[in-house]
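Q: I would like to learn how to read the contacts between protein and DNA in a model, and then the packing of aromatic rings. Could we take the features in turn, with the general idea before the case?

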2 protein chains.
Amino acid sequence: MRLASIEGLGGLTIGRLAREVDISKSGVFAHFRSKERLQQETVEAARRVFEREVLEPGLAAPEGVARVASLCEAYLSYIERGVFPGGCFFAHLLGEFDARTGPIHDEVAALQRGWVGLLEELITTAQERGELDPEVDSGQLAFELYAPLELANFLTTLYRDPATLERGREAVRASLAGAMAPEGGSSRAGPASADS
Amino acid sequence: MRLASIEGLGGLTIGRLAREVDISKSGVFAHFRSKERLQQETVEAARRVFEREVLEPGLAAPEGVARVASLCEAYLSYIERGVFPGGCFFAHLLGEFDARTGPIHDEVAALQRGWVGLLEELITTAQERGELDPEVDSGQLAFELYAPLELANFLTTLYRDPATLERGREAVRASLAGAMAPEGGSSRAGPASADS
DNA sequence: CCTACCGATCGGTAGG
DNA sequence: CCTACCGATCGGTAGG
């Protein structure tokens, strides 16, 4: 996972992993039985790390807009803590496999749909609770929250400068502020407005 | 460029390129003299394409907020037109080299700083013209405009569905709307507010 | 631009 | 887990 988060899943070869853990190539091979399975099991292991380091703490907040904000912050914190040395494992995977075809591309697409779907679901709940404006398009707001998380990951990793994470934090704050339910006032223009 | 936009610059090998253009490996080698130079010249060629397909049309709009919006739209249009078969060449490069070290990482960092710097510069001009709120942090707004462009590129490529580009368009519209100069009214909460 | 080759590394297999 | 090997491919060189 560490190697793949830096160099990509394609850089994770059986021979290289063998050198890294100091056993023979066929010793590594015996554990995974093919390069494809090594890659698949690495993705699966990273998924469990993401669950433990992002989803669990993020979803621990009380239901509603607090949980939406908490999940975004959990992602930014996971970047900040350097859980993987190359930044977000799945952002890397997205860049590597978005334009290819095959089982890994399809798995990446499924994971992305799951992540965006989760954000959307939390937003809908916050709308039902009257915290977020029901006029806001939940899919659009999910996109607008996800976008700064992704860019903060890439620029923080590229620049080796966690200051960029504050850009992400501020963007999330602003998008949520713009989507808050009007308190008796009239609806105003802002992010994720449904009247486009 | 086409190959690298799909499989990454690492997938662009001398042997593979030789097969693709149907000459011998050493025939390709003679043109570039090393793999590093092949990669560097490919990045440079893609930079010229980006200039022609994004910067030139984007910067053709009149100075001010129109030019900011026009540059964002030029980027989204470049994705939509499929200028590279694997989506934005430089987004791919960002994902591939953000966590590595070496000359290509450094070149990618310089290109990213240039792009973000250009956005920031156009925003500052729009503020000086009184079109965008001078209270807005121009670096923050540049980040908030860039983020949806990047995510729209990745998700459009991943899903093979240009509908995601509309999410990007709406996000750009919303961020710019939230940063417009108040017309005699008081400042209100919104994206990229400086009072964080 | 070519053929012919180099040492290294790839995924994978045979046989233990 | 190992050694020893397979055919393919890598970047690169020699010599034309």
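A: Let us begin with the polar contact, which is a pair of N or O atoms within 3.5 Å. Keep in mind throughout that this is a predicted model. By that criterion, a polar side-chain atom of Ser26(B) makes such a contact with DNA strand C, lying 2.7 Å from a base oxygen.

Q: Which residues reach a phosphate oxygen of DNA strand C, and from side chain or backbone?

A: Arg19(A) does so through its side chain, where an N or O atom is 3.2 Å from a phosphate oxygen of the strand, whereas Lys35(A) uses a backbone N or O atom, at 2.6 Å. The elements that contribute two or more residues to this surface are α2 (14-21), α3 (25-32) and α4 (35-59) of chain A, together with α3 (25-32) of chain B.

Q: How is the whole surface around DNA strand C made up?

A: Here one counts the residues with a heavy atom within 4 Å of the strand. There are 17 residues around DNA strand C, and those that come nearest are Thr13(A), Lys25(A), Lys35(A), Ser24(B) and Ser26(B). Seen from the DNA, sugar and phosphate supply 56% of the strand C atoms that come within 4 Å of the protein. By residue type, the surface divides into four nonpolar, eight polar and five charged.

Q: Which residues are closest to DNA strand D?

A: Among the 17 residues that surround DNA strand D, the closest are Ser24(A), Ser26(A), Thr13(B), Lys25(B) and Lys35(B). A polar side-chain atom of Ser24(A) lies 2.3 Å from a phosphate oxygen of this strand, a polar side-chain atom of Lys25(B) lies 3.0 Å from a base nitrogen, and a polar backbone atom of Lys35(B) is 2.7 Å from a phosphate oxygen.

Q: Turning to the rings, why is the pair of Trp115(A) and Tyr146(A) classed as it is?

A: A pair is called edge-to-face when the ring planes are over 60 degrees apart. The planes of Trp115(A) and Tyr146(A) stand at 70°, with ring centres 6.1 Å apart, and the pair is therefore edge-to-face. This pair links distant parts of the chain, since Trp115(A) belongs to helix α7 (residues 103-128) and Tyr146(A) to helix α8 (residues 138-159), 31 residues apart.

Q: Are these two residues buried or exposed?

A: Trp115(A) and Tyr146(A) are both buried, and ring pairs join them into a cluster whose members include Phe50(A), Tyr75(A) and Phe90(A).

Key. Residues are numbered from 1 along each chain as its sequence is written. Chains are lettered from A and ligands numbered from 1 in the order in which they are written. This is a predicted model: local features need pLDDT of at least 70, side-chain atom pairs count only at pLDDT 80 or more; totals for chains, interfaces and linings use all residues. Side-chain values use heavy atoms; hydrogens and water are left out. A polar contact is a pair of N or O atoms within 3.5 Å; within protein, one must be able to donate a hydrogen and the other to accept it, and residues adjacent in sequence count only if both atoms are side-chain atoms. Helices (H or I, at least four residues) and strands (E, at least two) are DSSP runs, numbered from the N terminus. Ala, Val, Leu, Ile, Met, Phe, Trp, Tyr, Cys and Pro count as nonpolar, Asp, Glu, Lys and Arg as charged, and the others, Gly among them, as polar. Rings of Phe, Tyr and Trp (its six-membered ring) pair if their centres lie within 6.5 Å; planes under 30 degrees apart count as stacked, over 60 as edge-to-face and the rest as tilted. Buried means under 20% relative accessible area, exposed over 50%, partly exposed in between (1.4 Å probe, protein chains only).
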